[in-house]
Amino acid sequence: MTTAADTERRTERTMEKVFEIYIRTTPERLWEAITDTEMRSKYTFGTRIHTEWTPGARVEVGHPRTDGPLSEGEILEVDPPRRLVQTMRALWSDDVKAEGFSRITWEIQAISVDSCRLTVIHDQLREGANDELYGGWPMILSGLKTLLETGELLTTPGSLMYDS
Amino acid sequence: MPAMKDDDDRVFKALADPTRRFLLDRLFRRDGRTLTELESELEMTRFGVMKHLRVLEGAGLVVTRKSGREKLHFLNPVPIRLIHDRWIDKYTERRVSALVDLKTELEEGSA
């Protein structure tokens with residue numbers, strides 16, 4: 001029998017996903033690639049992020065070819081070029097909308113004069129949450145690495161998502 | 001670029017072992033596990049599991065984070081994506097374009 005307490009416990013359980021990548025670049029350039037709308041759109045499938053990048057500021061992500069925002073959230077912490085924290089609520093379908101807010105933390109650590117480790121922690125996700133919420137990170141980070149190391153764009157299924 | 005080749009080598013070597021693939025599958029099902037939890041599902045000594053986890057960490061396929069006094073292990077799928085973008089995409093694309101070329105050639109030949 002499922003009691004109300006069980007249901008509550010289940011909805012309260014969260015999970016955390018961790019994504020890590022090494023990129024040959026400086027923390028400053030990496031920070032710029034994450035917070036500059038133009039650069040960011042190149043490896044986030046053409047989406048455009050709008051925010052003031054200050055704690056408490058609203059975040060809205062859209063795409064020129066879709067109606068309305070794809071996600072929304074709030075900036076929680078800004079510590080350039082080291083740490084950026086924001087909340088995110090996906091809006092691209094009713095399914096993901098129902099998942100509510102999760103949290104995304106970007107951590108940049110210089111590991112040599114010309115290399116950084118970038119860690120993206122996506123947490124406060126519901127246990128068993130829709131994997132559309134976090135499944136795109138490997139593609140995004142791979143594209144970010146390619147952009148910073150070669151200046152080129154990486155063609156991925158994601159980058160073609162809104163093209164046709 | 002030799003550095004990149006070393007990274008790929010480590011990923012391929014880490015994946016070339018059934019125990020390590022089993023550990024990755026366990027983490028895929030549920031992330032953020034302690035060594036004790038992972039060890040309980042394998043017929044292997046704690047030391048053996050630690051050794052495998054170290055290889056996975058060295059390849060970047062497993063990332064650890066401290067949570068209080070516990071060390072939690074997370075699956076990091078990014079290196080697999082990098083290999084995919086570097087290798088798999090290239091060859092599947094070529095195969096598709098080879099088929100397209102063949103089709104064009106056959107159709108033109110029959111015309």
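These questions and answers go through a predicted model of two chains, A and B.

Residues are numbered from 1 along each chain as its sequence is written, and chains are lettered from A and ligands numbered from 1 in the order in which they are written. Because the model is predicted, local features need pLDDT of at least 70 and side-chain atom pairs count only at pLDDT 80 or more, while totals for chains, interfaces and linings use all residues.

User: What is the strand order of the open sheet in chain A?
Analyst: Helices (H or I, at least four residues) and strands (E, at least two) are DSSP runs, numbered from the N terminus. Two strands pair if DSSP finds at least two bridges between them. The sheet has 7 strands with antiparallel pairing, and its edges, each paired on one side only, are strand 1 and strand 2 of chain A. The order is 1-7-6-5-4-3-2.

User: Which residue is the bridge partner of A:Thr87?
Analyst: Strand 5 of chain A runs antiparallel to strand 6 (residues 101–112) of chain A, with 7 bridges between them. The partner sits in strand 6 of chain A. It is A:Arg103.

User: What angle does helix 2 of chain A make with strand 6 of chain A?
Analyst: Axes are lines fitted to C-alpha atoms, for helices over the stretch in contact, and angles run from 0 to 180 degrees between N-to-C directions. Contact means C-beta atoms, placed from the backbone, within 7 Å. Helix 2 (residues 27–35) of chain A packs on the sheet and touches strand 1, strand 5, strand 6 and strand 7 of chain A. Its angle to strand 6 of chain A is about 155 degrees.

User: Which element of chain A gives the most residues to the side that touches chain B?
Analyst: 13 residues of chain A are in contact with 12 residues of chain B. Two elements give two or more residues to the chain A side: helix 5 (137–150) and strand 1 (14–23) of chain A. With 7 residues, the top contributor is strand 1 of chain A.

User: How many residues on the side of chain A that touches chain B are nonpolar?
Analyst: Ala, Val, Leu, Ile, Met, Phe, Trp, Tyr, Cys and Pro count as nonpolar, Asp, Glu, Lys and Arg as charged, and the others, Gly among them, as polar. On this side, 2 residues are polar and 3 are charged. The nonpolar count is 8.

User: Why do the buried residues of helix 2 of chain B line one face?
Analyst: Buried means 20 or more other C-beta atoms within 10 Å of a residue's own, exposed 12 or fewer, partly exposed in between, with C-beta atoms placed from the backbone. In helix 2 of chain B, B:Arg20, B:Leu23 and B:Leu27 are buried. The arc is taken from the directions from the helix axis to the C-beta atoms. They line one face because they fall within an arc of 55 degrees.

User: Which residues of chain A are joined by a cis peptide bond?
Analyst: Most peptide bonds are trans. Here omega is about -10 degrees. One partner, A:Pro81, lies in the loop between strand 4 (71–79) and strand 5 (83–90) of chain A. The pair is A:Pro80 and A:Pro81.

User: Is A:Trp53, with its positive phi, buried or partly exposed?
Analyst: Phi of A:Trp53 is near 60 degrees. The residue sits in the loop between strand 2 (48–50) and strand 3 (58–62) of chain A. It has 15 other C-beta atoms within 10 Å, so A:Trp53 is partly exposed.
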